[in-house]
Amino acid sequence: MSAPTCLFCKIVAERIPATVVARSEHSLAFRDIDPQAPTHVLVIPRRHVQNVGELADAPRELADLFELAARVAAQEGLGRGYRMVTNTGSEGGQIVFHAHVHVLGGRPMQWPPG
Ligand code: 5GP
Ligand code: ZN
């Protein structure tokens, strides 16, 4: 169930390269191409859905996504804390319409976000 023109589906299919840091049954984690923190990893469901909200009726995939995000944070040594961001929709700052969670860490985070 991949979308042929979707950038992240192409990464899942290994049709374009990415620096993969972790994998699970339903999810994939790879480094953001334009990192906004010392650690900036994107964690995505392998199946194409537009945003994380669309996984609400898929609890196993949703749990798998968040488990992999936590595993990435541990693997990256973010024991002092990190930020998970899910931009949703154009006004929410989403530019790639394949669900993803940003895992950001390795520096103090500011609040409120921009
Ligand atoms: P969004 O704004 O949709 O929440 O985040 C999309 C993210 O995907 C951005 O942080 C952007 O840097 C990242 N990105 C865009 N194109 C690529 C790519 O080809 N490879 C990787 N690894 N990240 C990408
Ligand atoms: Zn996709």
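**View 1. Helix 1 at the wall of the largest pocket.** In this predicted model, helix 1 is the top contributor to the lining of the largest pocket, supplying 3 residues. The pocket itself holds about 810 Å³ of space. Its lining runs to 33 residues, and those closest to the centre are Asp32, Gln36, His40, Asn87 and His102. Besides helix 1 (7–12), the elements that give two or more residues to this lining are strand 2 (27–31), strand 3 (39–45), strand 4 (82–85) and strand 5 (101–105). Sorted by class, the lining comes out as 17 nonpolar, 11 polar and 5 charged residues. If you're wondering how such a space gets found, rolling a probe the size of a water molecule over the atoms shows where empty space is left.

**View 2. Ligand 1 and its surroundings.** Where does ligand 1 sit? Ligand 1 has its place in the largest pocket. Two elements, helix 1 and strand 2, give two or more residues each to the shell around the ligand. That shell has 15 residues, with Asp32, Gly93, Ile95, His100 and His102 the closest to ligand 1. Split by class, the shell has 7 nonpolar, 5 polar and 3 charged residues.

**View 3. Polar atoms facing ligand 1.** Zoom in on the ligand's nitrogen and oxygen atoms for this one. A nitrogen atom of ligand 1 lies 2.9 Å from a polar backbone atom of Arg31. On the side-chain front, Asn87 has an N or O atom 2.9 Å from an oxygen atom of the ligand. Val96 comes in through its backbone instead: one of its backbone N or O atoms is 2.9 Å from an oxygen atom of ligand 1. How much of the ligand's surface does the protein bury? On its own, ligand 1 exposes 520 Å², and the protein buries 85% of that.

**View 4. The cis peptide bond at Trp111 and Pro112.** Now move to the segment after strand 5, where you'll find Pro112. The peptide bond joining Trp111 and Pro112 is cis, with omega at about 5°. That's worth a look because most peptide bonds are trans.

**View 5. Glu14 and its positive phi.** Which loop holds Glu14? Glu14 belongs to the loop between helix 1 and strand 1 (20–23). Its phi is near 60°, a positive value in a residue that isn't glycine. For context, most residues other than glycine have a negative phi.

Note on methods: Residues numbered from 1 in each chain as written. Chains lettered and ligands numbered in written order. Predicted model: local features only at pLDDT ≥ 70, side-chain atom pairs only at ≥ 80, totals over all residues. Heavy atoms only, no water. 1 Å grid on protein atoms, 1.4 Å probe; cavity = no way out; pocket = protein on both sides within 12 Å on 5 of 7 lines; lining within 4 Å. Points joined across faces, edges and corners; volume = space filled by probe spheres on them. Helix = DSSP H or I, 4+ residues; strand = E, 2+ residues; numbered from the N terminus. Nonpolar A, V, L, I, M, F, W, Y, C, P; charged D, E, K, R; others polar. Near = heavy atom within 4 Å. Polar contact = N/O pair within 3.5 Å; in protein donor to acceptor, adjacent residues only side chain to side chain. Areas by Shrake-Rupley, 256 points an atom, 1.4 Å probe, with all protein chains shown as cover. Sits in = over half its atoms within 2 Å of the grid points.
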